[in-house]
Amino acid sequence: MTVRSGAGKFLRENLLLIATLLGVVLGIGLGIGLYFAKPGDTLLLWIGFPGELVLRAFKLLILPLVVSCVINITASSSIKANGTMGGLAMLYIVTTNLIGALLGLLFVVLIQPGSSDQEGGGSGGGGGGEP
């Protein structure tokens, strides 16, 4: 086996990995180049459009995949395990919503958004006497 045939075999077997790494390096280079080139808003919009389409396509694929996996797992497990998983899921949902609501109330009390009283500790949204 020669070096050339060994290198060709390596390239064929790892083509996807090499293409991915090359794409990452080119993307970083393009990003740095565009940062220093200071492109206009229209060019940035055109550059961002394919990326936005890819992200939307991922969202379109991931949600049905997750739902089908949950249905498959639920159908293949026992009734007792389903009840346990359902109870844990409800506990998780209630706990996270409760923590979020309490944090929201705490920040509203501390920050007092919309308060125009400058001396009362609220942010007031800047100077001036106009509401």
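There is 1 salt bridge in this predicted model, a term used for a side-chain nitrogen of Lys or Arg within 4 Å of a carboxyl oxygen of Asp or Glu. The partners are Glu52 and Arg56, at 3.4 Å from N to O. Side chains of opposite charge can pair when their charged atoms come close. Glu52 and Arg56 are 4 residues apart in helix H3, so about one helical turn separates them.

A word on ground rules. Residues are numbered from 1 along each chain as its sequence is written, and side-chain values use heavy atoms, with hydrogens and water left out. Since this is a predicted model, local features need pLDDT of at least 70 and side-chain atom pairs count only at pLDDT 80 or more, while totals for chains, interfaces and linings use all residues.

How open to solvent are the residues that come up here? The cut-offs are under 20% relative accessible area for buried, over 50% for exposed and partly exposed in between, using a 1.4 Å probe and protein chains only. Four of them are tabulated below.

| Residue | Relative accessible area | Class |
|---|---|---|
| Glu52 | 38% | partly exposed |
| Arg56 | 54% | exposed |
| Lys38 | 61% | exposed |
| Gln112 | 31% | partly exposed |

On to the overall fold. The chain has 4 helices and 0 strands, running α-α-α-α from the N terminus on. Helices (H or I, at least four residues) and strands (E, at least two) are DSSP runs, numbered from the N terminus. Of the 131 residues, 2% count as buried. The accessible surface of the chain is about 11,400 Å², and carbon and sulfur atoms own 75% of that; these areas come from the Shrake-Rupley method with a 1.4 Å probe, and for residues only the protein chains shown count as cover.

The UniProt record, an unreviewed entry, puts "transmembrane region" at residues 15-37, 57-75 and 87-111. Such annotations may be inferred rather than shown by experiment; the positions follow the numbering used here, and feature names are shortened. In the model, residues 15-37 are 100% helix and 0% strand, with end C-alpha atoms 32 Å apart. Residues 87-111 are also 100% helix and 0% strand, and there the end C-alpha atoms lie 36 Å apart.

Helix H3 (residues 41-76) includes Ile62, which belongs to a nonpolar surface patch with Val54, Leu55, Phe58, Leu61, Val66 and Val70. Together they offer about 660 Å² of accessible area. Patch members have over 30% relative accessible area and no salt bridge; nonpolar side chains (Val, Leu, Ile, Met, Phe, Trp, Tyr) are joined within 5 Å, like charges within 9 Å.

Next, the rings. The whole structure yields 1 aromatic pair. Tyr35 and Phe36 have ring centres 5.2 Å apart and planes at 75°, so the pair is edge-to-face. Rings of Phe, Tyr and Trp (its six-membered ring) pair if their centres lie within 6.5 Å, with planes under 30 degrees apart called stacked, over 60 edge-to-face and the rest tilted. Both Tyr35 and Phe36 are exposed.

Tyr35 has another neighbour: the charged end of Lys38 sits over its ring, 4.7 Å from the centre. That label needs NZ of Lys or CZ of Arg within 6 Å of the ring centre and within 35 degrees of the ring normal. Lys38 is in the loop between helix H2 (15-37) and H3.

Finally, the backbone. Most residues other than glycine have a negative phi. Lys38, though, has a positive phi near 50°. Gln112, not a glycine either, has a positive phi of about 50° and is found in the segment after helix H4 (79-111).
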